[in-house]
Amino acid sequence: MLDFLAENNLCGQAILRIVSCGNAIIAELLRLSEFIPAVFRLKDRADQQKYGDIIFDFSYFKGPELWESKLDAKPELQDLDEEFRENNIEIVTRFYLAFQSVHKYIVDLNRYLDDLNEGVYIQQTLETVLLNEDGKQLLCEALYLYGVMLLVIDQKIEGEVRERMLVSYYRYSAARSSADSNMDDICKLLRSTGYSSQPGAKRPSNYPESYFQRVPINESFISMVIGRLRSDDIYNQVSAYPLPEHRSTALANQAAMLYVILYFEPSILHTHQAKMREIVDKYFPDNWVISIYMGITVNLVDAWEPYKAAKTALNNTLDLSNVREQASRYATVSERVHAQVQQFLKEGYLREEMVLDNIPKLLNCLRDCNVAIRWLMLHTADSENLQAWFREISKQILSLNYDDSTAAGRKTVQLIQALEEVQEFHQLESNLQVCQFLADTRKFLHQMIRTINIKEEVLITMQIVGDLSFAWQLIDSFTSIMQESIRVNPSMVTKLRATFLKLASALDLPLLRINQANSPDLLSVSQYYSGELVSYVRKVLQIIPESMFTSLLKIIKLQTHDIIEVPTRLDKDKLRDYAQLGPRYEVAKLTHAISIFTEGILMMKTTLVGIIKVDPKQLLEDGIRKELVKRVAFALHRGLIFNPRAKPSELMPKLKELGATMDGFHRSFEYIQDYVNIYGLKIWQEEVSRIINYNVEQECNNFLRTKIQDWQSMYQSTHIPIPKFTPVDESVTFIGRLCREILRITDPKMTCHIDQLNTWYDMKTHQEVTSSRLFSEIQTTLGTFGLNGLDRLLCFMIVKELQNFLSMFQKIILRDRTVQDTLKTLMNAVSPLKSIVANSNKIYFSAIAKTQKIWTAYLEAIMKVGQMQILRQQIANELNYSCRFDSKHLAAALENLNKALLADIEAHYQDPSLPYPKEDNTLLYEITAYLEAAGIHNPLNKIYITTKRLPYFPIVNFLFLIAQLPKLQYNKNLGMVCRKPTDPVDWPPLVLGLLTLLKQFHSRYTEQFLALIGQFICSTVEQCTSQKIPEIPADVVGALLFLEDYVRYTKLPRRVAEAHVPNFIFDEFRTVL
């Protein structure tokens, strides 16, 4: 008969593909369960208030039109709904595809069973497949895996979360409307069961059997599978465990399958007492905690509580005398095998000859060890003695893997006899060299015979016996004990290597069928389980960097506070004072302890864990990075929390304090790098920049419609995660708090910025509030990355303010008939712009009076933008200064490259045949990032938003400016300053805000705006001349100073202003002030 798993056996290949797919689906479900967006849980009040109206459970399906009409009635909800869709559709689709694959799996299995019954596979029926060894295994696995999928989904992805995700997918995805969509069936299968994995949660009635029966499955198939599992040893495991007391361990995998599949026929659990007694006697006579799949454990005491027959049958096992007997037995076995293992693990004991001669004895010890480990790990809580014992014996499994040889045994024996005879017959005893050679040859041939005696079955038995898949999750409870052992004795890492390799054997279980089916899922499933295991290895070994940093903090304290720096010249009588032998000895001792920790991890050889190669040096470096990130991120979070009511501001003291902390980290890291063989400065710069950039990215998410999720971020890492902290105010991160504190203390309504001094003064008290020293301090504390991140955040804030300004312009100007009529009248009065306006004062101030109500909001928006532009200029100055000072060659290269590029681009526009960067060329984009980081840019020239034509825009801005001029006065030393602190207007933010606003629109708007100012100056001067008023009015002075500042800030030639105002007025106006 054709081999059932042969490639040309359609019947065998079909069920093999189904089972392979089942293992891959479970891996995908486990993988996805770690990426459930928190918002779908709606746990905290903020999420409930914000998203409660757009995230629905299955109650949505009772009246979708009603819910959608509620959304349509509120534009802000529609906008939030669209934003939520953009941010979550990708992950929701991934979850939906996983849910769909579960439904498709059971549909495919049912179709396969139907095909078997209908005779589609020639000479094959359900009965014949169950008679075949491989067929029997695969059919049992197919049903079992479906049950595991359902249990995993309910355990890892709560019912309410599933419903919300499915409804979101239904609402947001176009695929749902396709003809082959089986959305209804998926929703019926995966609707909430009421089960909760939270401790103490009540179990729903008829759970999980009612859940398992949502998709009907052929009853005779379920019955036959249960029959086979009850009666047969379907995997032939008993041969690997010949002792009767090991039988429940031999059948453990089969017992797990039976446990899951019994839920498909719950009547057995409820009423079939004879069958349940038989099952318990065979599978659970001495155990009641089982592992059902990759370490997911179940306690039968709880699981079978609602089922009368099952509970009654289990009572024999749970009888106090039986429990005491089992515990006593395994305690005795533990002591016995511990002594054996200690003997085997003595240095030089496990030689090849000894292993080959004592295979039965070693196998018996292996069996006893693994059976005891299994029972104790499953049935006991954390036990330090057990864990210590477990660590001691775990490494021996690797030592016993001795490869088979293929030489012929009989021929080897003949060769040995021949060599003995030739030595006697030819009287070679006198030639010592030949004798030695022949003795060595005979020895090697004897070794070959011993090796031949190792049958493949021995290796298979070792693999079966050594299975540790049951501990895939339980092992985590032993982490703290392993870490404590490493902390006390770093060389313990070498022993743990064997533990990790033993855990890697658990990967065989889910990968076996995927590999047999040659499925493309092999790589992704292998990567998932290998990645999980490597993460666990990292978690255990993280104790080494943690211990190193604990010592490092002590070194920092000693170096900073206790040890005095030795001067270059020293009087010999003061030598004893500077020697400080005690503190220096302490530093040396701590440094030695750190190097010992490093040595411990580097003793672990490069190891293949699953399909991932683990390099101990890389593990050490990643661990150090992780600990550094954790501590620096916490220092930044804690160090930059401000009290907004504090006077004066806490900003500078907190920056100085944080700077000292960061400098301590930096110095100690620099000190230790040689002792642990790492590139300290490189790691420091990479990780600190990553922390700051990640926090900037998270803060900027507030301004983005499509947010960057953690799993999309180029700065976040799985192995070296940047911790997230609960926000303490409206800011998400420390960089947001820093930025908002700077904005608060430099608020143009409270402070006056003196441009020549780069300093802010309090408007009322005239005391200095802050100056450009602030940005030097930020540079010292957070480095270039911090200043750059602050600059980027300010960009987002400016964009937000400008967008708010445009919507305000629409609201208070373009929708107000009175304002529009006033503007229209003024436009007619001042046309053409080159003319002199007769009776100008009356015309201008009449228009200002009629539009007075709109200027308060207008002024606030303009000043906010101007304030942030001043801060951006200060940041650019600081960055440029430090770049020229610290990296003069980089600064020069960037400036020259920038000039060359701009020259080429200008030349291209003069002559299009000359080269220009193509669309797919990232040069301009990349050099911009470098230029901004080096401060070689002008924030005032930046286009922040795209704009459309706005009617009346130039004249509104002109009116706004002349409406503010009476609030200001000219001071010879300081320029334009606020007239009354009660009506605050700060000149630099006003000028820069207007300038930035005009920059966002077509240049003709700026041209008209400047022409209107020129016309205002000329008309007012003309009116004063005709009325013989000798002094230039204050408003004209303000307008002239605005034009001067406009030319200065934009770095344009003066003729731009002189096109609208005669140059003699510019030349003379300061002389008469």
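# Group meeting talk: hairpins, cores and salt bridges

Let me open with a pair of strands: β5 and β6 (residues 759-762) run antiparallel and are joined by 4 bridges. Please keep in mind that this is a predicted model. Within that pairing, His753 stands opposite Trp760 of β6. The two strands make a hairpin with 4 residues in between, and Asn758, in the turn, has a positive phi of about 50°. How do the side chains of β5 (residues 751-754) point? Thr751 and His753 go one way, Cys752 and Ile754 go the other way, and all of them are buried.

There is another hairpin to show you further along the chain. Strand β8 (residues 968-971) pairs with strand β9 (residues 975-978), again in the antiparallel sense, over 4 bridges. Here the connection from β8 to β9 runs through 3 residues. If you want one pair to click on, take Gln969, whose bridge partner in β9 is Val977.

Now for the inside of the protein. The largest nonpolar core has 315 residues, and the ones with the most contacts inside it are Trp304, Tyr529 and Tyr858. Which helix gives the most to this core? That is helix α36 (residues 773-814), with 18 residues. There is also a second, separate core of 8 residues, including Leu894, Leu901, Ile927 and Ala934.

Let me stay with Tyr529 for a moment. Setting aside residues up to four places away in sequence, Tyr529 touches Ile26, Ala27 and Leu30, then Tyr293 and Met294, and also Trp472, Leu507 and Pro510.

Next, a helix with two faces. In α38 (residues 840-850), the buried residues are Ser840, Tyr844, Ala847 and Ile848. Why do they sit on the same side of α38? They cover an arc of only 100° around the axis, and that puts them on one side of the helix. As a reminder, an α-helix has 3.6 residues a turn, so residues three or four places apart point the same way. What lies over the buried residues of α38 includes α37 (817-830), α39 (855-886), α42 (953-964) and α44 (1003-1026). On the face turned away from the buried side, you will find the exposed residues Lys842, Ala849 and Lys850.

On to salt bridges, where the count comes to 47. My pick is the one between Arg705 and Glu86, with the closest N and O atoms 3.4 Å apart. Arg705 lies in the loop between α34 (680-700) and α35 (734-745), while Glu86 belongs to helix α4 (residues 75-118), so this pair ties together parts that are 619 residues apart in sequence. Arg705 is partly exposed, at a relative accessible area of 31%, and Glu86 is partly exposed too, at 28%.

Compare that with Arg740 and Glu730, whose side chains meet in a salt bridge at 3.7 Å, N to O. Arg740 is in helix α35 and Glu730 in the loop between α34 and α35, so here the parts tied together are 10 residues apart in sequence. Glu730 counts as exposed, with 65% relative accessibility. Asp232 also forms a salt bridge, with Arg228, and its closest N and O atoms are 3.9 Å apart. Arg228 is partly exposed at 24% relative accessibility. And for those who like networks, Glu621, Arg625, Lys682, Glu686, Glu687 and Arg690 are all linked by salt bridges.

A lysine worth a look is Lys617, in helix α32 (residues 616-639). Is Lys617 buried, partly exposed or exposed? At 37% relative accessibility, Lys617 counts as partly exposed. Beyond its neighbours within four places in sequence, Lys617 is in contact with Leu602 and Asn677. Lys605 is 12 residues from Lys617 in sequence, and their C-alpha atoms are 9.4 Å apart.

Finally, the cysteines. How many disulfides are there? The count comes to 0. For Cys11, the nearest cysteine sulfur is that of Cys140, 14 Å away, whereas a disulfide needs the two sulfurs within 2.5 Å. Cys11 is buried, with a relative accessible area of 2%. Cys21 is in no disulfide either, as its nearest cysteine sulfur, from Cys11, is 18 Å away. Cys21 counts as partly exposed, at 32% relative accessibility.

That's my tour, and I'm happy to take questions.

How values were computed. Residues numbered from 1 in each chain as written. Predicted model: local features only at pLDDT ≥ 70, side-chain atom pairs only at ≥ 80, totals over all residues. Heavy atoms only, no water. Core = buried A, V, L, I, M, F, W, Y, C linked by side-chain atoms within 4.5 Å. Buried < 20%, exposed > 50% of the residue type's maximum accessible area, 1.4 Å probe, protein only. Contact = heavy atoms within 4.5 Å. Pairing = 2+ DSSP bridges. Arc of directions from axis to C-beta. Salt bridge = Lys/Arg side-chain N within 4 Å of Asp/Glu carboxyl O.
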